[in-house]
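Trainee: I have a model open and would like to talk it through with you before I set anything up. Could we go strand by strand and then look at some single residues?

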Amino acid sequence: MTDHVLTRVANRTGIITLDRPKALNSLSLEMVRALTTVLRAWRHDGQVDAVVLTSSSEKALCAGGDIRFFHEVGHATPMGGSALLEDFFTEEYALNHLIHFYPKPYIAIMDGVVMGGGMGIAQGGPDCGLRIVTERTKMAMPEVNIGLFPDVGGSHFLSHAPGQLGNYLGLTGLTIGAADALHIGLADVFVPGAELRALHALIASTPGADLPAAIRAFAAPFAQKAGNGELQAQRQLIDAHFGAASVAAIMASLEGDETPFAQRALAAMRQRSPLLMCVTHELLARGAQLSVADCLRMERSLVRHNFAHGEVLEGVRALVIDKDNAPRWNPPSLDQVTPDMVARFFDPVWPEHAHPLRHLA
């Protein structure tokens, strides 16, 4: 469909291949539109019984949204009000919703890096869908690292993770592998990377309607090869620390724990945007009580507030543009974040009848 989104139908299965390897398949607005167009067409196509999302590179399914694009267009007009930026997030979140409620099996091969916006196009789908991980899977919602928050439906799927695992992932932004993804419920089956060629052959030779069951049977012998994840072993510690009532309380709790795991989590949080960690903590608390559509509408308003504030633009500057790794967060320390600052991120941007995602059901 575009230079970076390739599509074909084989044996009643629609296959989407992301092909932007130099950017780890980071999503551009053009790619979001191409994905939306083909998924909307296949939704009603009687010749397509299932959809598979894959990549042309073993390095990544999708590393997220194109943050260089965010930085460029975010500076295009005062207060980050670029129409292209507005369109990107509105259309990306609508795509996430389309995938979450897709009426046909939606199968995501999450080989390599799957982060941020990549999670948005891999999570969700109907109960008959599948999320496949390999030993190369590197999964994260790292948005707080660039002064953003876990979006693309993250307020829903992180807030519904067991115990305090969602808070851990959202507030630290740290990466997990296949075993932890399976334990948390962010993946369904494990397939070794060496078996992906055989998996693709299976996909090509199996009618789309039979594909989910066939893939589960194919993956069953490899179930134990995913190994044991660190988060499962540290679950009691995570629940104890990240169940605290505030970000400050969580960090204070971690400071009193000298274990390497706790200190690694604390070190990560000390690098993140203090304000956006607090916003994320509130976001996940609210998201646990909301539908998918309402979570996406909430996130869409937060994005507008975030770019107006400028925190994400500064984060991208420091980590990607100038690469000085010295973001000047506003405010710079956690003790300067007030409840009013956090609350303003949740103020309505549009009346309900004018919200750009008002039509999501």
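Trainee: Which residues point one way from β5, and which the other way?

Mentor: Y106, A108 and M110 point one way from β5, while I107 and I109 point the other way, and all are buried, where buried means under 20% relative accessible area, exposed means over 50%, and partly exposed lies in between (1.4 Å probe, protein chains only). In a regular strand the side chains alternate between the two faces of the sheet. Five of the five residues of β5 are buried, so the strand is largely enclosed by the rest of the structure.

Trainee: Before I go on, what should I keep in mind about the numbering and the kind of model?

Mentor: This is a predicted model, in which local features need pLDDT of at least 70 and side-chain atom pairs count only at pLDDT 80 or more, whereas totals for chains, interfaces and linings use all residues. Residues are numbered from 1 along each chain as its sequence is written, and side-chain values use heavy atoms, with hydrogens and water left out.

Trainee: OK, and what sheet does β5 sit in, in what strand order?

Mentor: It is an open sheet of six strands with mixed pairing, in the order β1-β2-β3-β5-β7-β9. Strands here are DSSP runs of E with at least two residues, helices are runs of H or I with at least four, and both are numbered from the N terminus; two strands pair if DSSP finds at least two bridges between them. The edge strands, each pairing on one side only, are β1 (5–10) and β9 (189–190).

Trainee: Which strands does β5 pair with, and over how many bridges?

Mentor: With β7 (residues 130–133), β5 (residues 106–110) pairs in the parallel sense over four bridges, and with β3 it pairs in the parallel sense over three bridges. On the β7 side, I107 stands opposite L130 and I109 has I132 as its bridge partner; on the β3 side, V51 stands opposite Y106.

Trainee: Which helix packs on that sheet, and at what angle to β7?

Mentor: Helix α9 (residues 211–219) does, touching β2 (13–18), β3 (50–55), β5, β7 and β9, and its direction makes about 30° with that of β7. Contact means heavy atoms within 4.5 Å, and the axes are lines fitted to C-alpha atoms, for helices over the stretch in contact, with angles running from 0 to 180 degrees between N-to-C directions.

Trainee: Zooming out, how many helices and strands are there in the chain?

Mentor: There are 17 helices and nine strands. The radius of gyration is 20 Å, close to the 21 Å that the globule rule gives for 361 residues, so the chain is as compact as a globular protein of that length; the radius is taken over C-alpha atoms, and the rule is 2.2 Å times the number of residues to the power 0.38. Buried residues make up 56% of the 361.

Trainee: And the core, which residues touch the most other members?

Mentor: In the largest nonpolar core, which has 114 residues, they are I16, L18 and L39. Such a core is a set of buried Ala, Val, Leu, Ile, Met, Phe, Trp, Tyr and Cys residues joined through side-chain atoms within 4.5 Å. Helix α1 (residues 29–43) gives the largest share, eight residues. Leaving aside residues up to four places away in sequence, L39 touches I16, V51, L95, L98, I99, Y102 and Y106.

Trainee: Different topic: is R300 buried or exposed?

Mentor: R300, which is found in helix α15 (residues 292–309), is buried, with a relative accessible area of 1%. Not counting residues up to four places away in sequence, its contacts include E86, W350 and H355.

Trainee: And how does R264 come out, buried or partly exposed?

Mentor: R264 lies in helix α13 (residues 260–271) and is partly exposed, with a relative accessible area of 39%. Beyond residues up to four places away in sequence, R264 touches L174 and E230.

Trainee: Last one, how many residues of α16 are buried?

Mentor: Nine of the eleven residues of helix α16 (residues 311–321) are buried, so the helix is largely enclosed by the rest of the structure. The buried residues of α16 pack against α2 (67–74), α14 (274–287) and α15, and α16 is followed by K323, whose phi is positive, near 60°.
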